[in-house]
Amino acid sequence: MKASDVKKGNVVEHEGTVYQVRDIERSSPSARGGNVTFRFTLYTIPGGRKFDLSLRADDELQEMDLVRRAANFSYMDDGAFVFMDAEDYTQYLLSPALVGDNAGYIVEGVEGYYVQLIDDAPVGLQVPSSVILTVIDTAPEMKGSSATKRNKPAKLNTGIEVQVPEYISNDEKVWVNTLTGEFAGRA
């Protein structure tokens, strides 16, 4: 496909690496006969590393077919995450490297996970925008300090740590925003 036909969200291959297009900037030169250039902000699949690429309108990019399948987390198998397809019960084995920073947001019984596939091979995991996690270790609330809003660190059941308001105590369930990694409210 020509660079001028690429849209946000497309999955393309460039020099043997698969990327998802997040942003496109088009620049038209003011001089006659100048070529229109496109600046793409790309993120690798898997991994999510940022890559900037500039191409002329007629340059070619190979489009890849990325399939998103709704899946539920089943169990851990030798450090790998096993997800089961919600429709046909196919099991996908995702390595910790493929899951990356999303590992702290994987819990059983939560819907909204999507396994990303290219040629039936898992290449990424999309997590819900927020998940409910349980506080397993946080400092007790200090009495008499309620005049100012203060946060404290809390360790959650998946191993991640977030800042929570002082009124949150152990064994409470909290919403965590998976995009920012921040406390989003009591569950």
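## A walk from the loop at D119 to the salt bridges

D119 sits in the loop that connects strand 9 with strand 10; strands here are DSSP runs of E with at least two residues, helices are runs of H or I with at least four residues, and both are numbered from the N terminus. Before we go on, please note that this is a predicted model, in which local features need pLDDT of at least 70, side-chain atom pairs count only at pLDDT 80 or more, and totals for chains, interfaces and linings use all residues. Residues are numbered from 1 along each chain as its sequence is written, and side-chain values use heavy atoms, with hydrogens and water left out.

Back to our loop, where strand 9 covers 113-118 and strand 10 covers 121-126. D119 has a phi near 55°, a positive value in a residue other than glycine. D120 lies in the loop between strand 9 and strand 10, and it has a positive phi of about 65° although it is not a glycine. How accessible is D119? Its relative accessible area is 69%, so it is exposed, and D120 is exposed at 70% (buried means under 20% relative accessible area, exposed over 50%, partly exposed in between, with a 1.4 Å probe and protein chains only).

D119 and D120 join E63 and D65 in a negative surface patch. Patches take residues with over 30% relative accessible area and no salt bridge, joining like charges within 9 Å and nonpolar side chains (Val, Leu, Ile, Met, Phe, Trp, Tyr) within 5 Å.

Now for the charge pairs. Side chains of opposite charge can pair when their charged atoms come close. A salt bridge is a side-chain nitrogen of Lys or Arg within 4 Å of a carboxyl oxygen of Asp or Glu, and the count by this rule is six. One of them pairs E60 with K2, with the closest N and O atoms 3.8 Å apart. This pair links distant parts of the chain, 58 residues apart: E60 is in the loop between strand 4 and strand 5, and K2 in the segment before strand 1. E60 is exposed at 52%, whereas K2 is partly exposed at 35%.

Another salt bridge brings D85 and R69 together at 2.7 Å, N to O. Here D85 belongs to strand 7 and R69 to strand 6. D85 counts as buried, at 1% relative accessibility. R69 also forms a salt bridge with D88, at 3.8 Å between the closest N and O atoms. D88 lies in the loop between strand 7 and strand 8, so this pair ties together parts 19 residues apart in sequence. Through shared partners, salt bridges join R69, D85, E87 and D88 into one network.

Definitions and conventions. Areas by Shrake-Rupley, 256 points an atom, 1.4 Å probe, with all protein chains shown as cover. Lys, Arg positive; Asp, Glu negative; His and termini not counted. Charge placed at Lys NZ, Arg CZ, Asp CG, Glu CD.
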